[in-house]
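This report goes through one protein chain, its metal site and its core. The sequence and the structure come next.

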Amino acid sequence: MNCGFETSAKTKEELMPKIVEHAKTAHGMTSIPDDMKKKVEGAIKKKMF
Ligand SMILES: [Zn+2]
C-alpha cells in the first residue's frame, strides 16, 4: 500500500491481520485482493528479513 502505513509484528501471521484491519479502517476495503497480498508480502520480506 502506498499510504505510508507502517506496523510491526514478529511474524507474517501476526502482521497480515493488522494490515487487513488498516485496509478496512483507513481505506474502506472489505477484503484484500490476492495481488495486493503478494505486494504486501514482498514489502514485508524486504523490511523484515
Ligand atoms: Zn493505508
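## Zinc site

In sequence, the residues that donate to the zinc ion follow the spacing C-x18-H-x4-H. Within this predicted model, the protein donors are Cys 3 through SG, His 22 through NE2 and His 27 through NE2, at 1.9 to 2.1 Å from the zinc ion. Distant parts of the chain are linked by the pair Cys 3 and His 22: Cys 3 lies in the segment before α1, His 22 in helix α1, and 19 residues separate them.

How exposed to solvent probe are these two donors? Cys 3 counts as partly exposed because its relative accessibility is 37%, within the range from 20% to 50%. His 22 has a relative accessibility of 14% and therefore counts as buried, the limit being under 20%.

## Helices and nonpolar core

The chain contains 2 helices and 0 strands. Its largest nonpolar core has 8 residues: Ala 9, Leu 15, Met 16, Ile 19, Ala 23, Ile 32, Val 40 and Ile 44. Both α1 (12-27) and α2 (34-48) supply at least two residues of this core. The largest share, 4 residues, comes from α1.

Nonpolar side chains tend to be buried together in soluble globular proteins.

## Whole chain

Of the 49 residues in the chain, 18% are buried. The accessible surface comes to about 3900 Å², and carbon and sulfur atoms account for 53% of that surface.

Among contacts in the chain with a separation of 6 or more, 42% are between residues 24 or more positions apart.

Key:
Residues are numbered from 1 along each chain as its sequence is written. This is a predicted model: local features need pLDDT of at least 70, side-chain atom pairs count only at pLDDT 80 or more; totals for chains, interfaces and linings use all residues. Side-chain values use heavy atoms; hydrogens and water are left out. A nonpolar core is a set of buried Ala, Val, Leu, Ile, Met, Phe, Trp, Tyr and Cys residues joined through side-chain atoms within 4.5 Å. Buried means under 20% relative accessible area, exposed over 50%, partly exposed in between (1.4 Å probe, protein chains only). Donors are N, O and S atoms within 2.8 Å of the metal (3.2 Å for Na, K and Ca); water is not among the atoms, so sites may look incomplete. Contact means heavy atoms within 4.5 Å. Accessible areas come from the Shrake-Rupley method with a 1.4 Å probe; for residues, only the protein chains shown count as cover.
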